[in-house]
There are 4 protein chains.
Amino acid sequence: MSSSDIFIGETIGTAILILLGGGVCAAVTLKASKARNAGWLAITFGWGFAVLTAVYTSAPLSGAHLNPAVSLALAIKNHDYSTLPEYWGGQLLGAMIGATLVWVAYYGQFHAHLTDKEIVGGPGAQATAAKAVEAEEKGAGPVLGIFSTGPEIRNVVQNLATEIIGTIVLVLAVLTQGLNDKGNGLGTLGALITSLVVVSIGLSLGGPTGYAINPARDLGPRIVHALLPLPNKGGSDWSYAWIPVVGPLVGAAIAAGIYNVAFA
Amino acid sequence: MSSSDIFIGETIGTAILILLGGGVCAAVTLKASKARNAGWLAITFGWGFAVLTAVYTSAPLSGAHLNPAVSLALAIKNHDYSTLPEYWGGQLLGAMIGATLVWVAYYGQFHAHLTDKEIVGGPGAQATAAKAVEAEEKGAGPVLGIFSTGPEIRNVVQNLATEIIGTIVLVLAVLTQGLNDKGNGLGTLGALITSLVVVSIGLSLGGPTGYAINPARDLGPRIVHALLPLPNKGGSDWSYAWIPVVGPLVGAAIAAGIYNVAFA
Amino acid sequence: MSSSDIFIGETIGTAILILLGGGVCAAVTLKASKARNAGWLAITFGWGFAVLTAVYTSAPLSGAHLNPAVSLALAIKNHDYSTLPEYWGGQLLGAMIGATLVWVAYYGQFHAHLTDKEIVGGPGAQATAAKAVEAEEKGAGPVLGIFSTGPEIRNVVQNLATEIIGTIVLVLAVLTQGLNDKGNGLGTLGALITSLVVVSIGLSLGGPTGYAINPARDLGPRIVHALLPLPNKGGSDWSYAWIPVVGPLVGAAIAAGIYNVAFA
Amino acid sequence: MSSSDIFIGETIGTAILILLGGGVCAAVTLKASKARNAGWLAITFGWGFAVLTAVYTSAPLSGAHLNPAVSLALAIKNHDYSTLPEYWGGQLLGAMIGATLVWVAYYGQFHAHLTDKEIVGGPGAQATAAKAVEAEEKGAGPVLGIFSTGPEIRNVVQNLATEIIGTIVLVLAVLTQGLNDKGNGLGTLGALITSLVVVSIGLSLGGPTGYAINPARDLGPRIVHALLPLPNKGGSDWSYAWIPVVGPLVGAAIAAGIYNVAFA
């Protein structure tokens, strides 16, 4: 794979990943969306099939890492860090493009939601408002959850641990794919398996932090949230932003270590 | 593939697609249906597996485009527009047959729903009635959603953009199938992947407009809605009808362009 | 395949199909079940994966028809009716065994449900009771839905039409499997596809009659319902019993005809 | 496979199985989890995809039994009991590691939940509290369900029967995998099928006892529940603990017998 194929593939793939992943969060969250309140199962399947779609459409170009943690783990496994810049660069750029496309696709919904008095600071919907106020005090605006992850309980050690554990599971599944599919040429099936692994991590480990398990998935859209001209958008919660970057990278390194000891 | 195989395959396949896709909308919407209020996840999986069933049962005859936008993109990719008439003709005819079969399968449910005073214009169920009245003023009758798509917020630019973005994702996945499955002969697996991509688009990008992403899927059933002898059926919202036709075709052309630049 | 392998395979497979299919209805319906009120999506995925499990565990013995309508369609397609008795016999016996196993697995739940005064004829839960009384007048007891299907609106023509349409879709998917999987040896994938087709039919066409689409699936458990010593079980609705037998057989014959004309 | 590969593979795989399976129960149960009250479908898909992830990441080392009942059935089928100690040992150790990791990932949620006065013994949420008190009298603390299974209705004969029936279905599907995938080398697809079989068993047979169908899945986490320093954790319900051990082992033996008679 050439450097440009890697960069273009990762940009396209991660843009589709975040368009669809951020999209399902917008769909379930925003006013005047047909999918409003579709629930946690919709979010986890939405992100899982976002992975499927994104992997499938970028694998022929770049191998579809779409996640700096995955790229790091594969670099550790293969003792080859030479293409990390192309991978990481494409992933961050793609994530920012994807988050911007979510805003385009849900333009009217964002406006209707953020200018609704009952949703943003009004007296109605007391419980929701109270929760939103609490989040806002910590720096997270009312639609930040469509862009980036955030913890239900703020605890650096636990939040890091949860992201590390989730990423270990993801990366072990990615690393063992080569052992499972050897000789079958079933790359397409591998994309399906990976997507269901992501559904699994979401259902099982997403409760505390919202399962970033991918630095680009969290950082790119957070930057876009800070830049977009959304009314009443509130803060981008930058104090939390390092956890979904560091946690997944640490998890990836641990998973690569487990792989090299137990499987290689 | 002969011209008649293409036409018959697309007619059968698109009829099954719309029978099952419109069917799930009827199942979730209509009074006296066991699936009433089964939710957005039921609708998105219902449409996704409708694609799976329809592709599977028509692929041996016509290759299972089942979507004028897909046929257009493949024609652009292959520089061959000679079979577009058979594809488009079969797709529109099949969509009309499928929508009619939904009416047959849910005959009693349509009647019970449309003659229920609380649902159609009555004093009960105020919120629903208010929403129905608002939709009706814009030209959409109370069961049009079983046949065709409609926007939650009417905005030509955004509605077009959402349909274009959704179709780009769909068509990129279809076009890269050849690259992913090369030599595996895994056409069946391709049908499964495509169906899950459609679930993904529905979950993530269906909120604003109901994801037509297919001109035949929207236009054929809208014509049938205008023709069927349904009591109190209301308008067929023709002022919106061009968007789910033009949007997907534009999206398909953009996706084919991306494919030819980045992947070919 | 020997006659005894066919009979044993169909008996095992259909028993598993009805154990799991009837089981999900019991799980969602009965008091003191962890899955109570899990909803229509649970029922449709439950029946779909019941098909997957049953096909997978019986295919090596009998080819896993598990449905008299499927056996009939394959007999018509292959012009060979010689093994129909073994298939139909095993299917009916297996369905009766499966329905009995549902009763064993949910023994305490059946008793708790049918002796609960609020559920059976009591003053509480008015709406449910009213609906139950209405059904009872038509001959269907309060747990018959765990065993057999029944219509939301009683209309012989529509009920037959819905069952015929659903079965045509199912049988077309089964018949085209040979064309899709030719040379891949992907029988396992075929089982997965068929199960998702059944989920699709359930989501899209199950609303009016509960999608029997299989004479043995409906008749065998209805006989068991009539025989089991359940308290307050009410009637077995024999006046409806012929529709989910005749409808699917007619649908299978039509689908075989479509196949022979368009695909063969 | 070497003894150490078996032990390490089963330890890793069962740890992932219980981390993700216990994780989804924590996610749906605990206060301050984004997935709270996500429902039975989330639990059954969560456990199913936990199986998928765990099998996929351990199959290259140990063949991924991850269940003492599966190991027993394969030993009976192959007349080779020599590696049972490595399999059973790794499975129990892995299950205990997995349950501990659930506690780490949901640390703050466990604390918030178990110190909430309305959840643990308080006057609010009367129905829940009444149910919790009833369970507690039988020896099951308020979060035991995140670790181990328990019956809705306590009846030794029925509870054993339900676990036996569920395990027969699981083990028959595992044993017939060799017949279905012969020569395809589709081990990866087998992992997917097995995971959907587990979803099926959960949806259809999970209502009465919570479908342990795996002695290690129940016993390992129950030991961890007894050891962890959780506030107000209550009892570990040891009087029930033998049923999800004995039931699955009996079911596995019966399934191996059926296999040897009908399929071998």
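The legends below describe close-up views of a predicted model, beginning with the relation between two chains and moving on to interfaces and salt bridges.

**View 1. Chains B and C as copies related by rotation.** In this predicted model, chain B can be laid on chain C by a turn of 90° with a shift of 0.0 Å along the axis, and the RMSD of that superposition is 0.0 Å. The two copies are thus related as by a four-fold rotation axis. They use different surfaces where they meet, since 15% of the contact residues of chain B recur in chain C.

**View 2. The interface of chain B with chain A.** On the side of chain B, 40 residues are in contact with 41 residues of chain A. The two chains bury about 3300 Å² between them, and 73% of that area lies on carbon and sulfur atoms. B:Ile193, B:Leu203 and B:Ser204 supply 16% of the area that chain B buries against chain A, which is more than any other three residues. Between chain B and chain A the count of residue pairs in polar contact is 12, with both residues at pLDDT 80 or more. The helices α2 (40-62), α8 (156-180), α9 (187-205) and α11 (243-262) of chain B each supply at least two residues of the side that touches chain A, and α9(B) gives the most, with 12 residues. By class, the residues of this side of chain B divide into 24 nonpolar, 14 polar and two charged.

**View 3. The salt bridge between chain A and chain B.** The count of salt bridges between chain B and chain A is one. Its partners are A:Lys34 and B:Glu152, whose closest N and O atoms are 3.1 Å apart. Side chains of opposite charge can pair when their charged atoms come close.

**View 4. The interface of chain B with chain C.** This contact takes 41 residues from chain B and 40 residues from chain C. About 3300 Å² is buried between chain B and chain C, with 73% of it on carbon and sulfur atoms. Across the interface of chain B and chain C there are 12 residue pairs in polar contact, both residues being at pLDDT 80 or more. The elements of chain B that give two or more residues to the side touching chain C are α1 (3-29), α2, α4 (84-105), α5 (107-114) and α9, and among these α2(B) gives the most, with 13 residues. This side of chain B has 29 nonpolar, 11 polar and one charged residues.

**View 5. The salt bridge between chain B and chain C.** One salt bridge is found across the interface of chain B and chain C. It joins B:Lys34 to C:Glu152, and the closest N and O atoms of this pair are 3.1 Å apart.

**View 6. A salt bridge between two loops of chain B.** Over all chains the count comes to 16 salt bridges, and one of them is formed by B:Lys31 with B:Asp116, whose closest N and O atoms are 2.6 Å apart. B:Lys31 lies in the loop between α1 and α2 of chain B, while B:Asp116 lies in the loop between α5 and α6 (126-137), so the pair ties together parts that are 85 residues apart in sequence. B:Lys31 is partly exposed, with a relative accessible area of 30%, whereas B:Asp116 is buried, with a relative accessible area of 14%.

**View 7. A salt bridge between two loops of chain C.** The side chains of C:Arg154 and C:Asp237 meet in a salt bridge, with an N to O distance of 2.9 Å. The pair links distant parts of the chain, 83 residues apart, with C:Arg154 in the loop between α7 (144-147) and α8 (156-180) and C:Asp237 in the loop between α10 (215-227) and α11 (243-262). C:Arg154 counts as partly exposed at 35% relative accessibility, whereas C:Asp237 is buried, with a relative accessible area of 5%.

**View 8. A salt bridge between two loops of chain D.** D:Lys31 forms a salt bridge with D:Asp116, and the closest N and O atoms are 2.6 Å apart. Here D:Lys31 belongs to the loop between α1 (3-29) and α2 (40-62) of chain D and D:Asp116 to the loop between α5 (107-114) and α6 (126-137), so that distant parts of the chain, 85 residues apart, are linked by the pair. D:Lys31 counts as partly exposed at 30% relative accessibility, and D:Asp116 counts as buried at 15%.

Conventions. Residues are numbered from 1 along each chain as its sequence is written. Chains are lettered from A and ligands numbered from 1 in the order in which they are written. This is a predicted model: local features need pLDDT of at least 70, side-chain atom pairs count only at pLDDT 80 or more; totals for chains, interfaces and linings use all residues. Side-chain values use heavy atoms; hydrogens and water are left out. Copies are superposed by least squares on the C-alpha atoms of residues with pLDDT of at least 70 in both. Contact means heavy atoms within 4.5 Å. Buried area is the accessible area (1.4 Å probe) that two parts lose on being put together, summed over both. A salt bridge is a side-chain nitrogen of Lys or Arg within 4 Å of a carboxyl oxygen of Asp or Glu. A polar contact is a pair of N or O atoms within 3.5 Å; within protein, one must be able to donate a hydrogen and the other to accept it, and residues adjacent in sequence count only if both atoms are side-chain atoms. Helices (H or I, at least four residues) and strands (E, at least two) are DSSP runs, numbered from the N terminus. Ala, Val, Leu, Ile, Met, Phe, Trp, Tyr, Cys and Pro count as nonpolar, Asp, Glu, Lys and Arg as charged, and the others, Gly among them, as polar. Buried means under 20% relative accessible area, exposed over 50%, partly exposed in between (1.4 Å probe, protein chains only).
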